[in-house]
Amino acid sequence: MNISIIGTGYVGLPAGAGLASHGHNVTCVDIDEEKVEEINRGRCPIYEDGLPELLEEVVSNRQLKATTDTIDAVKNADVIFLAVGTPMENEGDITLDYIRQASKDVANGLEQKEGYGVVVVKSTVVPTTTEEEVIPLLEESGKKARKDFGVCMNPEFLREGTALDDFLNPDRIVIGELDNKSGDLVEKIYSDFDAPLMRTGLKEAELIKYASNSLLATKISFINEIGNLCKELGIDVYEVADGIGLDSRIERSFLDSGAGFGGSCFPKDVRALIKFSETQGEKTELLEKVIETNVKQKTKLVEQLEKEMKLKEKTIAVLGLSFKPKTDDIRQSPAINIISELKEKNVEVKAYDPKAVENMKEIHPDINYTDNYQHALKNSDAALIVTDWPEFNQINREDLKKMKRPLILEGRRMKYEVPKENTKGITWP
Ligand code: NAD
């Protein structure tokens, strides 16, 4: 099938490469010319496990190409995915600016398109957006939804860090459809995927995405509350989580307590659901608390550090800047809040991350960045581990000897072999 994907970011690119590897002809569209050029050279503009190799392969065998020309990409496509960003605005609403612009761009293509195609919203959008925003803009082409083109909403559940694998091996595929004809065509794209496939309505599909992320975020804030209690009791929240997780009704996943959730999805999606519910006259008090708990959790490490030492003019190593390992994405990362707090307290920050330094420099240009964790630890008064990159598990006694005070506060659970008296967990001893 000929597939065009509008928006070639953390979702659009793994999806594009993944669909190309399933034999589809994929055109990735982006307004960012540099990104488009890089992709056409077979180079991957983001860091994601396995993606550079697959991208190189599908570009070189001409299964995938990139362009800035949306009209051309739409004219030749059977299915057009919208995968542009829907970032958070100040109050928690999502901005639909990119979705609206992309819908207008696609409408210009539809105007010139011969034959039927389906437009699929893959971006995360609040219920009613596809019906009330996207379809009217597409119909400005003079073409009619159902008759001239189809519409689906196919939420994406991939996680950054494992985006390609998640896209290729999803737990489920949800297709919200305007009508059967639209859904039938989109189902065909996934015919050789080994996953349960659910067909439903547009609004249902939109809400399934928000409800899923909100429930996962709720599990994290829940275990962080339990974790904070464990810390007071001097016991290990991971043992408690293991005990809870043995219950098949609960499951162990998303019960890893730590420095709070970040990323471009959980904080934004939970807030957007809260705001959207308000517009429907519903208050989602539980979700408000999920966010409140998470905001407090993000800077708990600094509070704990203050109990250990006076912070003024101390040097603190911050290890891990991305919101989770195996990604260079720092959006809503706890490290952003932690570095801000440390700067406010006149601390000299030495920060290191295997992949996210360049991104963090845009937010915190005025701290010291090091080339490896050893340089960050050297002469530091303490270290905070904010992201559990596997390489931090190699920290050893020799590294600790080079610190001014050999103290590591763990915001994530680590597996290194250093003396217990040198480490303290955020919610474990
Ligand atoms: P992103 O910001 O990484 O990528 C969006 C891309 O769209 C950018 O490259 C941008 O240049 C491009 N773009 C913007 N307007 C355009 C236009 N008119 N035409 C062509 N390209 C345009 O965003 P993302 O993280 O990939 O997220 C995309 C959507 O998927 C969001 O709604 C997000 O909530 C959702 N989502 C994200 C994840 C994730 O882990 N990042 C997971 C599931 C769902």
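The legends below describe close-up views of a predicted model.

**View 1. Residues around the ligand.**
The shell around the ligand holds 27 residues, of which Asp30, Lys35, Thr86, Glu160 and Lys268 come nearest. By type, the shell divides into 11 nonpolar, eight polar and eight charged residues. Helix H5, which covers residues 97–112, gives the most to this shell, with three residues.

**View 2. Polar contacts of the ligand.**
Backbone and side-chain atoms of the protein both appear in this view. At tyrosine 10, a backbone N or O atom lies 3.0 Å from an oxygen atom of the ligand. The side chain of glutamate 160 has an N or O atom 2.7 Å from a nitrogen atom of the ligand. For arginine 331, an N or O atom in the side chain is 3.2 Å from an oxygen atom of the ligand. On its own the ligand has 840 Å² of accessible area, and the protein covers 90% of it.

**View 3. The ligand and two domains.**
Domain 1 (2–200) gives residues to the shell around the ligand, and so does domain 2 (210–297). The ligand therefore lies between these two domains.

**View 4. An open sheet of six strands.**
Strands of a sheet pair through backbone hydrogen bonds, either parallel or antiparallel. Here six strands are paired in parallel, in the order E11-E10-E9-E12-E13-E14, and the sheet is open. Strand E11 (368–369) and strand E14 (423–425) stand at the edges; each has a single partner strand, so one side of each is left without a neighbour in the sheet.

**View 5. Strands E13 and E14.**
Strand E13 (residues 408–410) runs parallel to E14, and three bridges join them. Leucine 409 has lysine 424 in E14 as its bridge partner.

**View 6. Helix H9 and the residue after it.**
Helix H9 is made of 32 residues (residues 202–233). At 1.5 Å a residue it should span 46 Å, which agrees with the 47 Å between its end C-alpha atoms. Glycine 234, just after H9, takes a positive phi of about 75 degrees.

How values were computed: Residues are numbered from 1 along each chain as its sequence is written. This is a predicted model: local features need pLDDT of at least 70, side-chain atom pairs count only at pLDDT 80 or more; totals for chains, interfaces and linings use all residues. Side-chain values use heavy atoms; hydrogens and water are left out. A residue is near a molecule or strand if one of its heavy atoms lies within 4 Å of it. A polar contact is a pair of N or O atoms within 3.5 Å; within protein, one must be able to donate a hydrogen and the other to accept it, and residues adjacent in sequence count only if both atoms are side-chain atoms. Accessible areas come from the Shrake-Rupley method with a 1.4 Å probe; for residues, only the protein chains shown count as cover. Helices (H or I, at least four residues) and strands (E, at least two) are DSSP runs, numbered from the N terminus. Ala, Val, Leu, Ile, Met, Phe, Trp, Tyr, Cys and Pro count as nonpolar, Asp, Glu, Lys and Arg as charged, and the others, Gly among them, as polar. Domain bounds come from an automatic or database domain assignment. Two strands pair if DSSP finds at least two bridges between them. The expected span of a helix is 1.5 Å times one less than its number of residues.
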